[in-house]
Amino acid sequence: MARLIALFFMVFALPVLAQSVDRPDPNTATTGPATQSLDDILRRQDNLKVDDSERRAIIGGPEYAPSVDSPLGTRGGASDSDLWRAMRFNNGDISTQNTGPAATVLMQDAGMWWLDIRRGPLQTYGAYLLGGTLLLLALFLLIRGRIRIEGEKTGRTIERFKAFERFGHWLLASSFIVLAITGLISLFGRKVLIPAFGHDAFSTVAIGTKWVHNNISWAFMVALVMIFFFWVMHNLPDKTDLKWLAKGGGIFGGGHPPAKKFNAGQKLIFWAVIVLGGSISISGLSLLFPFEINLFAHTFDLLNGLGAPGWVGMENLPSDLSPQEEMQYAQLWHAIISFVLTAIIFAHIYLGSVGMEGAFDAMGKGEVEEQWAREHHSLWVEEVKAKQRVQPGE
Amino acid sequence: MKAFVLALCAAVVITVGANLILNEIGFSAQDTTSSPSVRLDSDS
């Protein structure tokens with residue numbers, strides 16, 4: 001009974017005891033530099049920048065080591081907290097049997113912003129860009145209609161692209177389309193395909209698309225080099241381009257401005273493919289061989305040296321990047337530039353097929369209707385005819 | 001059209017070939033980032 005009474009008092013007295021303890025006021029509690037303060041935690045929860053530079057540096061070291069004959073003297077001057085802090089901020093001297101270049105980074109905390117962008121704005125704005133481009137093209141077709149051959153067709157054709165040129169074009173085009181589709185599957189898989197088809201089905205698809213995306217990239221890169229050499233001479237800018245651009249390519253009427261083999265619009269497509277396709281290839285190679293090709297720390301360093309971030313009111317870009325951060329930047333860059341190039345290619349596919357009568361023949365058969373050529377590439381037709389006059393046998 | 005079909009065939013050949021070559025010369029991420037005692041595949 002006495003025990004029961006004692007228990008009764010304990011149960012009811014404990015909360016009173018607990019309440020009677022003086023708690024420190026959290027707002028006035030001070031912490032040492034090794035511990036994060038309440039203010040730090042609140043700032044982090046509000047997504048504000050936390051200055052943890054002092055905390056990062058407190059990782060002990062030989063200079064703090066007690067002498068070898070004192071307790072803990074062989075630990076090199078780092079307490080348990082110091083060691084964990086070193087791992088937390090990737091400042092520790094880690095050695096590992098793993099041969100991977102990023103294996104010594106046990107924790108990297110720069111991944112969340114990347115993940116947030118990848119699953120947020122990258123997908124949202126990417127979808128807007130591609131969807132918006134398709135809408136604009138549909139609107140253009142509704143308003144302008146198909147661009148017809150205006151004059152009477154001659155029934156004669158002119159060779160526009162040789163077989164090897166068409167081969168290069170279609171190698172680039174087919175690999176690009178496969179890369180775009182598999183790339184979009186990889187990016188939108190978690191948000192769109194897993195909810196629709198489930199994890200198991202998507203797993204098979206993801207493994208397949210990754211394999212195809214990684215390996216067909218070589219066909220894209222080979223074709224990119226091919227078409228560069230085929231057509232670079234025809235795509236150097238000249239003054240006919242200015243006249244063509246001034247008339248808006250004659251796309252809304254007002255007659256067809258003269259153009260050589262490629263008009264200014266086609267030249268813009270060519271250089272977009274070369275420059276953006278080249279950039280996608282380089283960032284793709286960086287992702288294909290993880291941690292081997294690091295592009296961004298060096299680039300950011302160069303930009304900082306030029307003061308470029310200041311031009312748009314930004315702070316200096318980070319130039320001390322972990323291997324994982326390099327991959328994160330490479331992935332974002334690869335995806336953003338791919339979205340832009342895909343939108344441009346939508347317009348290219350549209351004009352080369354439904355958008356313009358007679359245009360597809362150039363890449364389909366290699367031969368174009370002479371009247372089409374006279375309307376869209378008048379200077380080129382003159383060149384071809386002049387050559388034929390010089391070499392009538394050919 | 002022949003050029004288009006040839007290009008498709010070339011894309012397939014390059015895709016399969018690239019995979020074979022890279023695997024053959026030990027360029028897979030698995031080979032480059034782990035030692036032989038690490039088993040990442042269930043069948044290796």
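How many Å separate the centres of domain 1 of chain A and domain 2 of chain A, taken over C-alpha atoms? The answer is 51 Å. Keep in mind that you're looking at a predicted model. Here's a quick tour of chain A, its pair of helices α7 and α8, its contact with chain B, and one glycine.

**Chain A as a whole**
- Chain A has 394 residues, and 22% of them count as buried.
- If you go through its secondary structure, you'll find 16 helices and two strands.
- Take the contacts in chain A with a separation of 6 or more: 67% of them come from residues 24 or more positions apart.

**The domains**
- The domain assignment splits out domain 1, covering 27-93, and domain 2, made of 112-161 + 232-390.
- Notice that domain 2 is written as two stretches of chain A.

**Helices α7 and α8**
- In chain A, helix α7 takes up residues 163-197, and helix α8 takes up residues 199-231.
- Their axes come within 7 Å and cross at roughly 155°.
- Angles over 145 degrees count as roughly antiparallel, so that's the label for α7(A) and α8(A).
- As for handedness, α7(A) passes α8(A) in a left-handed crossing.
- Look at who's in the contact of α7(A) with α8(A), and you get 22 nonpolar residues, 11 polar ones and just two charged ones.

**Where chain A touches chain B**
- On this contact, 19 residues of chain A meet 17 residues of chain B.
- The helices α7 and α8 of chain A turn up again here, each supplying at least two residues to chain A's side.
- The top contributor to that side is α7(A), with seven residues.
- Sorted by class, chain A's side has 10 nonpolar, eight polar and one charged residues.

**A closer look at A:Gly60**
- You'll find A:Gly60 in the loop between α3 (53-57) and α4 (80-88) of chain A.
- Is A:Gly60 buried or exposed? Neither label quite fits: A:Gly60 has 18 other C-beta atoms within 10 Å, so it's partly exposed.
- For comparison, being buried takes 20 or more of those atoms, and being exposed takes 12 or fewer.
- Skipping neighbours within four places in sequence, A:Gly60 is in contact with A:Gly77, A:Ala78, A:Ser79 and A:Asp82.
- A:Phe339 is another story: A:Gly60 and A:Phe339 are 279 residues apart in sequence, and 47 Å lie between their C-alpha atoms in space.

Technical notes:
Residues numbered from 1 in each chain as written. Chains lettered and ligands numbered in written order. Predicted model: local features only at pLDDT ≥ 70, side-chain atom pairs only at ≥ 80, totals over all residues. Axes fitted to C-alpha atoms, helices over the stretch in contact; angles between N-to-C directions. Helix = DSSP H or I, 4+ residues; strand = E, 2+ residues; numbered from the N terminus. Parallel < 35°, antiparallel > 145°, perpendicular 65-115°, else oblique. Left-handed = near helix turned anticlockwise from the far one by under 90°. Nonpolar A, V, L, I, M, F, W, Y, C, P; charged D, E, K, R; others polar. Contact = placed C-beta atoms within 7 Å. Domains from an automatic or database assignment.
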